[in-house]
Amino acid sequence: MTARSLWMRRASGLVAALLLIEFLDEFVFGAREAAWPFMRRDIGLSYAEIGLLLGIPGVFSGVVEPALGVLSDIWNRRAIILGGGVLFAGALLIAALSQSFIALLIAFVLLYPASGAFVSLSQATLMDAAPDRREHNMARWTLAGSVGMLAGPLALSGSTALGMDWRGLFVAFAALTLIPLAGAWRQPLHAPGNHAADDPDSAPGSLREGLRAAWRAVRQRDVLRWLVLLQFGDLMLDILYGFLALYFVDVAGVSPAVAGVAVAIWAGVGLLGDALLIPLIERVPGVRYLRWSALAAVVVFPAFLLIEPLPLKLALLGALGLLNAGWYAIPMAQLYATLPNQSGAALAAANVSGLGASLLPLAIGTIAQAAGLDVAIWLLMAGPLALLIGLPRHAPTPQKPTEK
């Protein structure tokens, strides 16, 4: 075996391990989003409590993850990723055993930063593996997540049909975490140019310097642009996904089982869109594609909310799932490109910007409690409108790598 073929084999093994981690994360969260009607009935949750369960863990994670991101650039990223995987499995077990709102909140407060350490730093490692292919690797990353997002609701439906509730499924997820954890154990997971990985004593001083550098990065115009667009784009991604099953049950008036089918349709068409995005961005600039898809979403989303016949509503939901492909992958790849050799700092900046956005589910839940989910769901229109206003005419020019 030549040196080049050996390198390619190791690189493909690293990419496969990282994509498997992303698949598991979306597999878990995909099932959770479809399980909200079951969890609400089992534990007795209100809309406001569901909003808190979606919002508070994000706020806590937004405080913890920036330090983890910066630390991963100058210390032992491998240890942080593997430790996050262990905590991820533990949090799933706590969720499965929860009998109250508080217990479930504790589980999710642990799960979110665990996902940040295990999954988000794996993404940063993938971005470092091939800097000239960031958009394409982010598209592959998103595709792996979409496969997991589709598999999650299907796993919930299958487990329900077999007589296993959402609790048993969460126990199974905790066990499945051992598979990507074992795969990651065998891979090089250090940040590029990180010479402090083997010297833990150097971490505290370097961490202070790294935090200052991350703060300087957040204030740059191009960085701010992509951070804002990331959060607004998420309104049509994770935030809509989080309320989708409840919307179909409480507004469209269907059963939880049919709502699970709607979530599966959303995930399935999203998977198709993510698969099509990979060859598309080989031919069309990502920023141009984002602008046209946002313009289409401005028309399709109101139609989805206003049309009552279920088949048409499901068709429009599928169209939305197709249109929002790339709404995370492309802005995130552009953010990494503005901060070369600082993937952990880019991740930290994204987490800091997500602190305020983490309150959006709570705001939507509070408005839904007071005025109805049919009113609160209209707030998500801000997503495509922000993309239309904020996208640059051309992708920003990446900075030169900083000296290490």
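Which helix does Glu65 lie in? Glu65 sits in helix 2, which covers residues 47-74. Keep in mind that this is a predicted model.

Glu65 is an odd one: Glu65 is buried yet makes no salt bridge. The nearest side chain of opposite charge belongs to Arg32, and that is 12 Å away. A salt bridge here needs the nitrogen and the carboxyl oxygen within 4 Å, so a partner at that distance doesn't count. What Glu65 does touch, leaving aside neighbours within four places in sequence, is Tyr112, Pro113, Gly116, Ser120 and Asn351.

Now for charges that do pair up. The count comes to four salt bridges, and the table shows three of them, including their N to O distances.

| Acidic residue | Basic residue | N to O distance |
|---|---|---|
| Asp250 | Arg40 | 3.1 Å |
| Asp42 | Arg167 | 3.1 Å |
| Asp128 | Arg77 | 3.0 Å |

Take Arg40 and Asp250 to begin with. Arg40 is in helix 1 (residues 3-43) and Asp250 in helix 10 (residues 238-250), so their pairing ties together parts 210 residues apart in sequence. Arg40 is partly exposed at 22% relative accessible area, and Asp250 is partly exposed at 34%.

Helix 1 also holds Asp42, while Arg167 is in helix 6 (residues 166-176), so this pair links parts 125 residues apart in sequence. Asp42 is partly exposed at 39%, whereas Arg167 counts as buried at 11%.

Then there's Asp128 in helix 4 (residues 101-129) with Arg77 in helix 3 (residues 77-97), a pair that ties together parts 51 residues apart in sequence. Asp128 is buried at 17%, and Arg77 is buried at 0%.

Notes
Residues are numbered from 1 along each chain as its sequence is written. This is a predicted model: local features need pLDDT of at least 70, side-chain atom pairs count only at pLDDT 80 or more; totals for chains, interfaces and linings use all residues. Side-chain values use heavy atoms; hydrogens and water are left out. Helices (H or I, at least four residues) and strands (E, at least two) are DSSP runs, numbered from the N terminus. Buried means under 20% relative accessible area, exposed over 50%, partly exposed in between (1.4 Å probe, protein chains only). Lys and Arg count as positive and Asp and Glu as negative; His and the chain ends are not counted. Contact means heavy atoms within 4.5 Å.
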